[in-house]
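These are my notebook entries on one protein chain and the ligand it holds. I looked up the strands first, then the helices, the ligand site and a few single residues.

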Amino acid sequence: MNRIALFPGSFDPVTIGHVDIVNRSLSLFDNIVIGIGVNSSKKTLYTTEKRKEWLGKVFEGKEQVSVEQYEGLTVDFCREIGANFILRGLRTSADFEFERSIAQMNRSMQEDIETVFVLSSPGLSAVNSSIVREIIKNGGEASKFVPAGIDLSLG
Ligand code: ADP
């Protein structure tokens, strides 16, 4: 059986924290699908197209990794793509509390999908897309928190 993991998130924008989680999880799974969750009622700083393009560029040449967008329940999308694992990163105890409820709810909806948590690397636990967005909105320099080659300029 192929081990396929969905790594869901908003990636608004992708950060070095996200990249670290994917790279360190490559040995655990045959394939990792990065799933950009699209929620039409949630406003994002960058368009879905832009976020998808960035992720594609970051993982270009890594055959194990692909990038998709999806709407609706994460477990439904897992079923659609044949993923039997959900991959999530853990930074803090606050992440843990939040992630625990989601993982347990997902498990009660779909028993055969297991959520796997990977702890952030030391030094990356403070890297957070929402703080990166605040820096950008306020005209600060956020490039060191995102992978090389990503142009964060707005508009
Ligand atoms: P964020 O929580 O930063 O807004 P996402 O919603 O895109 O980002 O999160 C997608 C996944 O990546 C989540 O599991 C989140 O916990 C994880 N993640 C984000 N940043 C980091 C980091 N610095 N270290 C470990 N995991 C992270």
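**Entry 1: Strand S2 and its neighbours**

I began with Ile 34, which stands opposite Val 67 in S3. The model I am reading is a predicted one. I then looked at the pairing as a whole: strand S2 (residues 31-37) and strand S3 (residues 65-70) run parallel and are joined by 6 bridges. Between these two strands the chain passes through helix H2 (residues 48-58), and I noted this β-α-β crossover as right-handed.

On the side of S1, I found that Ile 34 has Phe 7 opposite it. S1 and S2 are also parallel, with 6 bridges between them. The unit formed by S1, H1 and S2 is again a right-handed β-α-β unit.

I next asked how many residues of S2 are buried. I recorded 5 of 7, so S2 is largely enclosed by the rest of the structure.

**Entry 2: Strand S4**

I turned to strand S4 (residues 85-90) and asked how many of its residues are buried. The count is 6 of 6, so S4 is largely enclosed by the rest of the structure. I checked each face in turn. Phe 85, Leu 87 and Gly 89 are buried on one side, and Ile 86, Arg 88 and Leu 90 are buried on the other, which leaves both faces covered.

I then listed the pairing partners of S4. Strand S1 (residues 4-9) runs parallel to S4 and is joined to it by 2 bridges. Strand S5 (residues 114-119) also pairs with S4 in the parallel sense, over 6 bridges. Phe 85 takes part in both pairings: Ala 5 stands opposite Phe 85, and the bridge partner of Phe 85 in S5 is Glu 114.

I also followed the connection from S4 to S5. With helix H4 (residues 93-109), these two strands make a right-handed β-α-β unit.

**Entry 3: The ligand site**

Which residues come nearest to the ligand? I counted 18 residues around the ligand, and the nearest of them are Phe 11, Gly 89, Arg 91, Leu 124 and Val 127. Gly 89 is already in my notes as a buried residue of S4.

I then looked up the polar atoms that face oxygen atoms of the ligand. A polar backbone atom of Gly 89 is 2.7 Å from a ligand oxygen. For Phe 11, a backbone N or O atom lies 2.9 Å from an oxygen atom of the ligand. Arg 88 uses its side chain instead, with a polar atom 3.2 Å from a ligand oxygen. I noted the cover as well: of the 530 Å² of accessible area that the ligand has on its own, the protein covers 91%.

**Entry 4: Helix H1**

I asked how far helix H1 (residues 16-25) is covered. I found 7 of its 10 residues buried, and I entered H1 as mostly covered. The buried residues are Gly 17, His 18, Val 19, Asp 20, Ile 21, Val 22 and Ser 25. At the N-terminal end of H1 I found a cap: a side-chain oxygen of Thr 15 lies 3.1 Å from the backbone nitrogen of Gly 17.

**Entry 5: Two single residues**

I looked up Ser 121, which is found in the loop between S5 and helix H5 (129-137). Is Ser 121 buried or exposed? Its relative accessible area is 16%, and I entered Ser 121 as buried, because the cut-off for buried is under 20%. The side chain of Ser 121 makes a polar contact of 3.3 Å with the side chain of Arg 24.

I compared this with Met 109, which lies in helix H4. Met 109 is partly exposed, with a relative accessible area of 43%. I also noted that the C-alpha atoms of Met 109 and Asp 76 are separated by 9.5 Å, while the two residues are 33 residues apart along the chain.

**Entry 6: The chain as a whole**

I closed with the overall count. The protein chain has 5 helices and 5 strands, and along the sequence they follow the pattern β-α-β-α-β-α-β-α-β-α. Of its 155 residues, 43% count as buried. The C-alpha atoms fill a box of roughly 45 × 35 × 35 Å along the principal axes. Finally, I checked the radius of gyration: the chain has 15 Å, which agrees with the value near 15 Å for a compact globule with 155 residues.

Key. Residues numbered from 1 in each chain as written. Predicted model: local features only at pLDDT ≥ 70, side-chain atom pairs only at ≥ 80, totals over all residues. Heavy atoms only, no water. Buried < 20%, exposed > 50% of the residue type's maximum accessible area, 1.4 Å probe, protein only. Helix = DSSP H or I, 4+ residues; strand = E, 2+ residues; numbered from the N terminus. Pairing = 2+ DSSP bridges. Right-handed = clockwise from strand over helix to strand, strands pointing away. Near = heavy atom within 4 Å. Polar contact = N/O pair within 3.5 Å; in protein donor to acceptor, adjacent residues only side chain to side chain. Areas by Shrake-Rupley, 256 points an atom, 1.4 Å probe, with all protein chains shown as cover. Rg over C-alpha atoms; globule rule 2.2 N^0.38 Å.
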